[in-house]
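Visitor: I would like to learn how to read a model like this one. Could you walk me through it, one feature at a time?

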Protein chains: 2
Amino acid sequence: MSESANNPGAQRPGGRTARNREAVLDAVFAELGETGYAGLTMENVARRAGVHVTTVYRRWRTVEGLVVDLLTRLGTTELPFPDAGSLADDLRDFARSIVTLYVENATIRALIETVVAAATKNPRASDALHAFFADRNRRAAVIVEHAVGRGELPSTTDGVELIAALAAPIYYRMLVSRRPIDIPLADRAANATYIAALSGAFDGGA
Amino acid sequence: MSESANNPGAQRPGGRTARNREAVLDAVFAELGETGYAGLTMENVARRAGVHVTTVYRRWRTVEGLVVDLLTRLGTTELPFPDAGSLADDLRDFARSIVTLYVENATIRALIETVVAAATKNPRASDALHAFFADRNRRAAVIVEHAVGRGELPSTTDGVELIAALAAPIYYRMLVSRRPIDIPLADRAANATYIAALSGAFDGGA
């Protein structure tokens, strides 16, 4: 898959392509808020964005493609992966950045909640959510790779599962037990994950 | 709060009250599936159940009351809290029972997913979900109390947060990263939580 297929509209930053991408993704978010995932269509997104529908089909191909790109734009631009030189610090900083993102950015929180809700009924939304978090956790696992490189963790550590365990209590409280998320929650999740990781709880074997 | 208020319709088991409760809760589940949380009304539930609407108002008072009682009926009857004599075993058995419940019982999984989805848009559904998991995790914390009693954990351990940390990776995978849940996931969550707990990661202070 070419670079442009992985990152639709990224060529010619600042040009018409980039502006179209912004307009289309803004339209996706607005449509999600008004009609929900079930009512999201390429045609309505194109009309709202003021671009030809063929442009939307060519760049994003499917509705899932649009939502994944929206998740990517909102998620990755706001959540850098820390590299402070120690696993304990990196896990704490990453967990805190997740909490801070959702506390401070109601738009991103609404997007995630919308897609989580849609995913319970709609396989396309489920696939989009799965793809987003699979990619996100795989990239965040660089934190674990750094720790392995420093000799803090065995090379057999499953970085994706460690990152999932770190994030899980935050999403659980936000979406399931429905209590306010806060920095103490992030710090406890980071500490628990750090201790468990040092003891080999995320050793994936081989 | 009286026992009957905590457990509506539980008096006279096997009698008309118990039968009415079953019919009403069956109707709640059917209505949820057809119209979703937003369309759930006391009147439609009563009509479908074939009981007087005043009976529904008197026993459950609100739509949230109906959903919490449905969650309670489905959740607590199927998920006993283990007491095997060791914290490691109890955490593993409890995590496995959560996975098994959702894998084997599509009805319960659909109910939880429906209310999680509704909670992202509807404060009443959010309150119902919060109340259900607050009660559930508080009761499951008996596992931690037993461990404290055996001297396995300090008495300052926050049992509710420990149970939330145990369950979180399962709900995260089921609802957020949208991958199949399985016994290895349960075992890893249990092992990680156990190790972290022994190191004081869930020490609530005081």
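Guide: Gladly. Let us start with superposition: copies are superposed by least squares on the C-alpha atoms of residues with pLDDT of at least 70 in both, pLDDT being the predictor's confidence in each residue, from 0 to 100. Here, chain B is superposed on chain A by a rotation of 180° with 0.0 Å of shift along its axis, at an RMSD of 0.1 Å. That is the relation of a two-fold axis. In chain B, the C-alpha of Ala117(B) is nearest the axis, 2.0 Å from it. Both copies use the same surface: 100% of the contact residues of chain B recur in chain A, where contact means heavy atoms within 4.5 Å.

Visitor: What conventions should I keep in mind?

Guide: This is a predicted model, in which local features need pLDDT of at least 70, side-chain atom pairs count only at pLDDT 80 or more, and totals for chains, interfaces and linings use all residues. Side-chain values use heavy atoms, leaving out hydrogens and water, residues are numbered from 1 along each chain as its sequence is written, and chains are lettered from A and ligands numbered from 1 in the order in which they are written.

Visitor: What is the mean pLDDT of chain A?

Guide: The mean is 88, and 90% of the residues of chain A reach 70 or more. Over residues 1–6 of chain A, pLDDT stays under 50, and the model has 2 contacts beyond four places in sequence for them.

Visitor: How many helices and strands are there in chain A?

Guide: Helices (H or I, at least four residues) and strands (E, at least two) are DSSP runs, numbered from the N terminus. Chain A has 11 helices and 0 strands. Buried means under 20% relative accessible area, exposed over 50%, and partly exposed in between, with a 1.4 Å probe and protein chains only. Of the 206 residues of chain A, 51% count as buried.

Visitor: How do I read a single helix, say α10(B)?

Guide: Compare its reach with the expected span, which is 1.5 Å times one less than its number of residues. With 18 residues, α10(B) reaches 24 Å from its first C-alpha to its last, close to the 26 Å expected at 1.5 Å a residue. Next, look for a bend, the angle between axes fitted to the seven residues ending at a residue and the seven starting there. In α10(B), a kink of about 35° lies at Ala167(B), shortly before the proline Pro169(B). This helix is also mostly covered, with 17 of its 18 residues buried.

Visitor: Which residues is Ala186(B) in contact with, leaving aside its neighbours within four places in sequence?

Guide: They are Ala95(B), Arg96(B) and Val99(B). Ala186(B) itself sits in helix α11 (residues 183–198) of chain B, and it counts as buried because its relative accessibility is 0%. Its C-alpha is separated by 8.3 Å from that of Ala167(B), 19 residues apart along the chain.

Visitor: And how many aromatic pairs are found over all chains?

Guide: Rings of Phe, Tyr and Trp (its six-membered ring) pair if their centres lie within 6.5 Å; planes under 30 degrees apart count as stacked, over 60 as edge-to-face and the rest as tilted. A search of the whole structure finds 12 such pairs over all chains. One of them is the edge-to-face pair of Tyr102(B) and Tyr171(B), 5.6 Å centre to centre with 75° between the planes. This pair links helix α6 (residues 87–104) of chain B, which holds Tyr102(B), to helix α10 (residues 159–176), which holds Tyr171(B), across 69 residues. Both Tyr102(B) and Tyr171(B) are buried.
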